[in-house]
Amino acid sequence: MLPADKARAVRDRIRENFDRGADGYHRFEEETAHFQELTSALLAMAPEGVVTGGRILDVGCGTGASTRVLAAAAGPGGRVVGVDISLGMLRRARQAVAGARFALADACRLEAFRGPFDAVVYNAVLFMLPDAGASVRGARQLLRRGGVLLASYLEGVYEAESRTPVADLLAAEGHSPGRHAVSTWDRVLDCLEREFGPVAMRRMEVSLPPDRFVGFYGLEPMSAGLLPRLPYPERRRAVERLARRWAQEGRAAAQVWHLVAATAP
């Protein structure tokens with residue numbers, strides 16, 4: 001857990017980056033269905049019958065990519081609530097997804113919501129939270145017995161063939177790369193197991209050819225995780241230079257995700 005002043009600064013930076021980058025984020029998702037595919041993979045890990053007709057909380061819903069998939073899975077008898085810290089992202093979500101309810105909220109403070117929920121979903125969220133433990137504890141309190149927490153956690157992004165972290169490649173070019181995770185995987189997994197006991201896990205790798213790598217990491221919020229000390233759009237230009245070299249060499253990037261399903265006892 002970060003000190004209060006640092007946690008507040010992290011939340012503010014995340015909010016500002018996503019507010020400014022909401023339109024680009026939405027276009028990327030419409031073109032690639034990147035986060036929709038992750039959501040579908042998470043739903044495949046849910047116990048049978050939990051999601052259909054259920055009440056679902058989509059934490060860090062962004063522009064509604066995951067919410068759309070969850071609403072379809074829940075069906076007409078279900079109800080999905082999407083929450084995000086970015087008003088810009090929520091505006092897009094409200095335009096993109098009919099029938100869901102959306103709320104501006106801090107993912108570390110889920111106690112403001114009323115349970116019970118049948119499922120709480122974190123799609124590419126927990127690693128960005130200043131206090132993932134508080135969020136997981138809040139989720140556990142909101143879930144009914146037998147309800148499920150589903151989460152995708154980005155371990156990192158690598159040059160696919162050599163498995164070299166992209167952060168190392170950027171450092172070799174003279175940049176000062178950041179760490180994409182505010183809450184590390186070890187800490188997140190420890191929090192999950194403390195609240196839920198043993199969890200189901202699988203590893204998922206997503207290929208990012210040069211154009212898709214730029215489409216993802218050229219976005220303002222995503223580029224901030226790679227190069228937090230550079231202003232935007234200089235971050236995008238650094239990403240584009242790396243992608244051009246990969247295109248010439250026939251290389252690509254790979255994201256490695258941890259997918260988790262935890263059932264409330």
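This passage looks at how some helices pack in a predicted model, and at the nonpolar core found there.

A good place to start is helix 5, which spans residues 132-142. Of its 11 residues, 8 are buried, so helix 5 is largely enclosed by the rest of the structure. The buried ones are Ala132, Gly133, Ala134, Ser135, Val136, Gly138, Ala139 and Leu142. As for what lies over them, the cover includes strand 1 (55-59) and strand 4 (117-123), along with strand 5 and helix 7.

Helix 7, made up of residues 185-196, deserves a closer look as a partner of helix 5. The axes of these two helices are 9 Å apart, and the packing angle is about 25 degrees. Angles under 35 degrees count as roughly parallel, so that is how helix 5 runs relative to helix 7. Their crossing is right-handed. On the helix 5 side, the contact uses Ala132, Gly133, Val136, Arg137 and Arg140, and these meet Arg187, Val188, Cys191, Leu192, Glu195 and Phe196 of helix 7. Sorted by class, this contact has 6 nonpolar residues, 4 charged ones and 1 polar one. Ala132, Gly133 and Val136 thus turn up twice in the story: they are among the buried residues of helix 5, and they also take part in the meeting with helix 7.

A second pair of helices sits earlier in the chain: helix 2 covers residues 34-43, and helix 3 covers residues 65-74. Here the axes come within 8 Å and cross at roughly 40 degrees. The two helices are therefore oblique to each other. Helix 2 passes helix 3 in a right-handed crossing. Phe35, Gln36, Thr39, Ser40 and Leu43 are what helix 2 brings to the contact, while helix 3 supplies Ala65, Ser66, Arg68, Val69, Leu70 and Ala73. By class, the residues at this contact split into 6 nonpolar, 4 polar and 1 charged.

Then there is the nonpolar core. The largest one holds 92 residues, and within that set Tyr122, Phe213, Tyr217 and Trp257 touch the most other members. Strand 5, residues 143-159, gives the most to this core, with 8 residues. Strand 5 has come up already, as part of what covers the buried residues of helix 5.

Tyr217 shows what the surroundings of one such core residue look like. Setting aside neighbours within four places in sequence, Tyr217 is in contact with Leu154, Val157, Leu208 and Met222, and also with Ser223, Leu226, Val239 and Gln255.

Terms used. Residues are numbered from 1 along each chain as its sequence is written. This is a predicted model: local features need pLDDT of at least 70, side-chain atom pairs count only at pLDDT 80 or more; totals for chains, interfaces and linings use all residues. Side-chain values use heavy atoms; hydrogens and water are left out. Axes are lines fitted to C-alpha atoms, for helices over the stretch in contact, and angles run from 0 to 180 degrees between N-to-C directions. Helices (H or I, at least four residues) and strands (E, at least two) are DSSP runs, numbered from the N terminus. Angles under 35 degrees count as roughly parallel, over 145 as roughly antiparallel, 65 to 115 as roughly perpendicular and the rest as oblique. A crossing is left-handed if the near helix is turned anticlockwise from the far one by less than a right angle, and right-handed if clockwise. Contact means heavy atoms within 4.5 Å. Ala, Val, Leu, Ile, Met, Phe, Trp, Tyr, Cys and Pro count as nonpolar, Asp, Glu, Lys and Arg as charged, and the others, Gly among them, as polar. A nonpolar core is a set of buried Ala, Val, Leu, Ile, Met, Phe, Trp, Tyr and Cys residues joined through side-chain atoms within 4.5 Å. Buried means under 20% relative accessible area, exposed over 50%, partly exposed in between (1.4 Å probe, protein chains only).
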